Amino acid sequence: MDPKLMVYLGAALSMGLGAIGPGFGLGNAVGKAFESLGRNPESAKAINSILYPALGLIEAVAIYALLVSVALIFAKG
């Protein structure tokens, strides 16, 4: 097989598989936050203060997968 094709395939798999975990994590975190807010609306400030940094950390994993994919595509070698 063509080496360039293998690089593109590796980049696509890296991004595809690297987005699955954060996708599930974001959905689970937001779903549980909404469930908590529905049960106890007075705790919105406490839940949001924990939720937003956690969502940022979860999203960082997808950004790392994007960086790996871009590095694979543009690497010289």
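## Two helices and a nonpolar surface patch

Tyr8 is partly exposed, with 41% relative accessible area; here buried means under 20%, exposed over 50% and partly exposed in between, with a 1.4 Å probe and protein chains only. This is a predicted model, where local features need pLDDT of at least 70 and side-chain atom pairs pLDDT 80 or more, while totals for chains, interfaces and linings use all residues. Residues are numbered from 1 along each chain as its sequence is written, and side-chain values use heavy atoms, leaving out hydrogens and water.

Let us start with the helices. Tyr8 belongs to helix α1, and so does Lys4; helices are DSSP runs of H or I with at least four residues, numbered from the N terminus. Helix α1 covers residues 3–39 and also holds Phe24. Its partner is helix α2, residues 44–74, and the two axes come within 8 Å and cross at roughly 175°. Axes are lines fitted to C-alpha atoms over the stretch in contact, with angles from 0 to 180 degrees between N-to-C directions. The pair is therefore roughly antiparallel, a label for angles over 145 degrees. Residues in this contact comprise 22 nonpolar, six polar and two charged, where Ala, Val, Leu, Ile, Met, Phe, Trp, Tyr, Cys and Pro count as nonpolar, Asp, Glu, Lys and Arg as charged, and the others, Gly among them, as polar.

Two C-alpha pairs bring together residues far apart in numbering:

| Pair | Separation along the chain | C-alpha distance |
|---|---|---|
| Tyr8 and Ile73 | 65 residues | 6.4 Å |
| Lys4 and Leu72 | 68 residues | 10.0 Å |

Lys4 is partly exposed at 38% relative accessibility.

Now to the salt bridge, defined as a side-chain nitrogen of Lys or Arg within 4 Å of a carboxyl oxygen of Asp or Glu. The count is one, and Glu35 and Arg39 form it at 3.6 Å, N to O. These residues are four apart in α1, so about one helical turn separates them. Glu35 is partly exposed at 39%, whereas Arg39 is exposed at 69%.

Finally, the surface: Met1, Leu5, Met6, Leu9, Leu13, Leu17, Ile20 and Phe24 make up a nonpolar patch with about 900 Å² of accessible area together. Patch members have over 30% relative accessible area and no salt bridge, and nonpolar side chains (Val, Leu, Ile, Met, Phe, Trp, Tyr) are joined within 5 Å, like charges within 9 Å. Areas follow the Shrake-Rupley method with a 1.4 Å probe, and for residues only the protein chains shown count as cover. Phe24 is exposed, at 64% relative accessibility.

Notes. Helices (H or I, at least four residues) and strands (E, at least two) are DSSP runs, numbered from the N terminus. Angles under 35 degrees count as roughly parallel, over 145 as roughly antiparallel, 65 to 115 as roughly perpendicular and the rest as oblique.
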